[in-house]
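Student: Take one helix of this model and go through it closely. Set it in the whole chain, then end on a contact elsewhere.

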Amino acid sequence: MTNTVKQLRSVRPDMPQSDSALPGWPLLLRESGESLVDQIVRGIRARIDDKLLRSGVRMPSIRQFADGNEISRFTVVEAYDRLVAQGYLESRRGSGFYVKERSPLGGGYGNTAVQAEAVAEAGRGLDVVWLVRNMFRQMPPHKMPGGGLLPPDWLDGELIANALRAVSRDNPSLLLGYGTPLGFLPLRQQLQLKLAELEIAAAPDQIVMTTGVTQGLDTVARHFLRPGDVIFVDDPAWFLMFGSFAALGAKIVGIPRLGDGPDIVRLRELAAIHKPKLYVINSVLHNPTSTSLSAAKAFQVLRIAEEHDFIIVEDDIYCDMHPGSAVQPATRIAALDQLQRVIYLGGFSKTLSANLRVGFIATSAELARSLADRKLLSTLTTGEIGERVAYKVLSEGHYRKHAERLRARLNGARDKVMRQLERMGMEIGDPPPCGMFLWVDTGRDTNVMTEEAMEQGFLLAPGSLFSPAQLPSTRMRINVASMSDPGIWRFLEKAMAR
């Protein structure tokens, strides 16, 4: 029995009793669209990063691996050679391939897992950075029910590829320089039409393109906040904000989120006490609950902002996952305020492509110029290639149909996932009628569940990370589009049965 087999079985006693292939290796999927070489490299790399394969361990021979997985030896040779080039393996002449000792600061996609383990060993446990790091590991989407993106096969890669080819043919020389400070003008003109459908009036000079909503939030926060200033967020809310705002020296205060929006009584009380500069809120399809703001609550939030003189930052990244107010109620504060006290953020990372990194800020023309200047000082201009691709997709009418297909598919998946979770004993409360997330109550410490799931190769999103206080929670965010793996259902079934 090889050292590799012994080592892996000590971690996972349920692994196959075979020396002929890498133990615990999932079935290679020839129809997945990912080459066998890429699957092997990704899988071995993840095992090394997760310390399931430790430095100095001898890998299965090329013949053993190939025969055990019924693949060509040339495929294994290419995979091993890539891992050597990436610093994960070393080749010893006449002896075989061994896991290479790597520096704690070494590169590689999976270094995130090593860092996460180091954080846990330092006594910090799970935190926001832990989840963000692990979300960017090279894990298959169906292994990440705690992730925040739709699986690639739910999106339309061919649509993006066709638009990219068209953009490259139009005038290649335009792709070689910087963009403009506000962003690609035809796209901003297209966004003017899109916002008008939401009853938000915004001329092109009121729109600033950003590298996703994340940069939009950061740009707005840097403009308004100084060390010691208070910023309000929903509780629960999108976790990445907490670390970003804290790094600016801001004090983060959570406003309890209810089924139809924030707790108005607490919002008014806390606004009187803290005098915040900003309040960041999801009005439509709130992350992580998928709830939406009622019209009454929207008016009350705006009134309190006027009384206590703070700015509302409305993050509407999930806008196109909502079928529209004609089907489901959906009130945006920006439509009530018309961008006087409200800064509106949007983008296409969730529905079109995260890799394009196309987002935008809509605000007053004066503030738009100031935010564009701040963007110039930090990152110069945004990437016009992605903006041109997004414009092509939006302007040619493809995006609307694509969004309709996504909503229909989410509806089917959500109903099925909710029924299965409720059968296990999880509570969902009022089930959201649309959106990609469920905010479930497991009745158990979800930090513990998350750590156990990671040991089995699944990424969950525990409720503690969605609160500024990060206290232990029985809640958990579920991405309904990433629940197709039978393994995650088996894990949850066992966890709930304890």
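Tutor: The chain holds 18 helices and 13 strands (DSSP runs, numbered from the N terminus: helices are H or I with at least four residues, strands E with at least two). The model is predicted, so local features need pLDDT of at least 70 and side-chain atom pairs 80 or more, while totals for chains, interfaces and linings use all residues. Numbering runs from 1 along each chain as its sequence is written, and side-chain values use heavy atoms, without hydrogens or water.

First, the whole chain. Of its 498 residues, 53% count as buried (under 20% relative accessible area with a 1.4 Å probe, protein chains only; exposed is over 50%). Take the contacts (heavy atoms within 4.5 Å) between residues at least 6 apart in sequence: 71% of them join residues at least 24 apart.

Now helix H14. It covers residues 365–379, 15 residues in total. At 1.5 Å a residue, these should span 21 Å (1.5 Å times one less than the number of residues). The end C-alpha atoms of H14 are 21 Å apart, so the expected span and the model agree.

Next, its buried side. Leu367, Ala368, Leu371, Ala372 and Lys375 are the buried residues of H14. Viewed down the helix axis, they fall within an arc of 140° (taken from the directions from the axis to the C-beta atoms), so they line one face of H14. The general rule is that an α-helix has 3.6 residues a turn, so residues three or four places apart point the same way.

What covers that face? The cover of the buried residues of H14 includes strand S3 (207–210) and helix H9 (212–224). It also includes strand S9 (342–347) and strand S10 (359–362). On the face turned away from the buried side, H14 carries the exposed residues Glu366 and Leu377.

Then look just past the helix. Leucine 380 comes just after H14 and takes a positive phi of about 60°.

Finally, the contact elsewhere. Glutamine 190 is in helix H8, which runs over residues 185–197. Leaving out residues up to four places away in sequence, glutamine 190 touches Tyr391, Leu394 and Ser395. Along the chain, glutamine 190 and serine 395 are 205 residues apart. In space, their C-alpha atoms are separated by 6.8 Å.
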